[in-house]
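Me: I want to learn how to read the features of a model one by one. Please start with the length of a helix.

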Amino acid sequence: MLKKAKIILVMGAVISAMVLGFISVSFADKKPNVVVVLKKGNTEYWRIMKAGIEKGFKDFDIDGKVMVPTDSTAQEQADLLMKAYKEKPDAIITAPISLSVKSTLETFTDVPVLLVDTDLPIKNKTAYIGTDNLELGKKAGAFLASQLQPGNKIAIIAGDLSFSVFKERIEGATISLRNAGIQIAYLKTGILDDPKTIQSVITKLLRDQPDIKGVLTTHDTIALPAIKELEEQGLSIPVIGPDGLTEMLKFIADETIPGTMAQNPYDMGYLSVETAMKVINGENVEPFVDSGVDIIIKENAEHRLNFYKKIVK
């Protein structure tokens, strides 16, 4: 009887050890889970960022997912964020469409929330990964000024300045342009990314300010139609649009324009995942992770074009 009891005890111990070992292996094999909710998915800028995010998932062995609102509305994004939160991920990364998603994000008090591309003043934000837009504006203004002479007139065509991204870019550019003695002769804000609207803005600009020597915009989807319309009018003047998209790079490579500023959406995506991984591992991270700004000119435009060809599907 005693011998039988000993056998049962030994077997129990072995089974317990096997169960504990199985549990330990299961937890060891469990990958960190990160959900990313972007603004859009069907434009080159966001496809580049998604490529950086997916490279981060692979490099850091993360079980990751990217979600994109179909119609790019704030309400749809808020719904996706809530869906992501209910999946209980280890971290949520998002590029907020507008301030209206702030209230949704502030309910996520038990999961790290990281913002990418666009910053918001949310109290539970772990980090913002993206561009210093004031600095980008300063560099854009200084580069445009370097192509001109003191006293020359330029135009600024901007998106909705209620978005801090655009507001900060214009503030930075204005500082550099005024320091260089460049006159801001024309300022148009609230411009939508509609080529026909931008075409009419350029037509009016040339009628009202025929001696304009340069144009600065808040982003490439304004800059590109502006360049095309200026070409139609037979004018070759520098136009700055700070996204560094493929079509803009081609204009630089063929010397239609001298250069531009470029954000780094690929790096933004990768760094956001890397920062999330640090947070999951219990490391301290900086509240602002700067993804940098590059000056693109003819000499390096081709290199970036080739890189985008490899990563953008």
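Reply: The expected span of a helix is 1.5 Å times one less than its number of residues. Helices (H or I, at least four residues) and strands (E, at least two) are DSSP runs, numbered from the N terminus. Here helix α3 covers residues 74-86, and its 13 residues should span 18 Å. The distance between its end C-alpha atoms is 18 Å, which agrees.

Me: What should I know about the origin and the numbering of this model?

Reply: It is a predicted model, in which local features need pLDDT of at least 70 and side-chain atom pairs count only at pLDDT 80 or more, while totals for chains, interfaces and linings use all residues. Residues are numbered from 1 along each chain as its sequence is written, and side-chain values use heavy atoms, with hydrogens and water left out.

Me: Which residues of α3 are buried?

Reply: Buried means under 20% relative accessible area, exposed means over 50%, and partly exposed lies in between (1.4 Å probe, protein chains only). In α3 the buried residues are Ala 74, Glu 76, Gln 77, Ala 78, Leu 80, Leu 81 and Ala 84. For the whole protein chain, 48% of the 313 residues are buried.

Me: What covers the buried residues of α3, and what follows the helix?

Reply: A contact has heavy atoms within 4.5 Å. The cover of the buried α3 residues includes the strands β1 (33-37), β2 and β3 (91-94), together with helix α4 (102-105). After α3 comes Lys 88, which has a positive phi, near 55°.

Me: How many helices and strands does the protein chain have, and what is the order of the strands in the open sheet?

Reply: The protein chain has eleven helices and twelve strands. Two strands pair if DSSP finds at least two bridges between them. Six strands form an open sheet in the order β2-β1-β3-β4-β5-β11, and their pairing is parallel. Strands β2 and β11 are the edges, each pairing on one side only. From one strand to the next the twist averages 20°.

Me: Which bridges hold the neighbouring strands together?

Reply: Begin with β1 and β2, which pair in the parallel sense over five bridges. There Val 36 has Val 66 in β2 as its bridge partner. Strand β4 (residues 113-116) runs parallel to β5 (residues 125-130), and four bridges join the two. One of the partnerships is Val 113 with Lys 125 in β5. Between β5 and strand β11 (residues 288-290), also a parallel pairing, there are three bridges. In this region Tyr 128 stands opposite Phe 288 of β11.

Me: Where does α10 lie relative to the sheet strands β1 and β2 belong to?

Reply: For directions, axes are lines fitted to C-alpha atoms, for helices over the stretch in contact, and angles run from 0 to 180 degrees between N-to-C directions. Strands β1 and β2 pair over five bridges. Helix α10 packs on the sheet and touches β1, β3, β4, β5 and β11. The direction of α10 makes about 155° with that of β5.

Me: How many aromatic pairs are there?

Reply: Rings of Phe, Tyr and Trp (its six-membered ring) pair if their centres lie within 6.5 Å; planes under 30 degrees apart count as stacked, over 60 as edge-to-face and the rest as tilted. By this rule there are seven aromatic pairs. One of them joins Phe 60 and Tyr 270, with 5.6 Å from centre to centre and 50° between the planes, a tilted arrangement. This pair links distant parts of the chain, 210 residues apart: Phe 60 sits in the loop between α2 (44-59) and β2 (63-67), and Tyr 270 in helix α10 (residues 265-280). Phe 60 has 23% relative accessibility and so counts as partly exposed. Tyr 270, at 21%, is also partly exposed.

The centres of Phe 163 and Phe 166 are 6.1 Å apart and the planes stand at 65°, so this pair is edge-to-face. Phe 163 is partly exposed at 34%, whereas Phe 166 is buried at 16%. Ring pairs also connect Tyr 266, Phe 307 and Tyr 308 into a cluster.

Me: Where is Thr 189, and what does Thr 189 touch?

Reply: Thr 189 is in the loop between β7 (183-188) and α7 (195-208). With 37% relative accessibility, Thr 189 is partly exposed. Leaving aside residues up to four places away in sequence, Thr 189 touches Ala 158, Gly 159 and Leu 161. Thr 217 is 28 residues from Thr 189 in sequence, and their C-alpha atoms are 9.6 Å apart.
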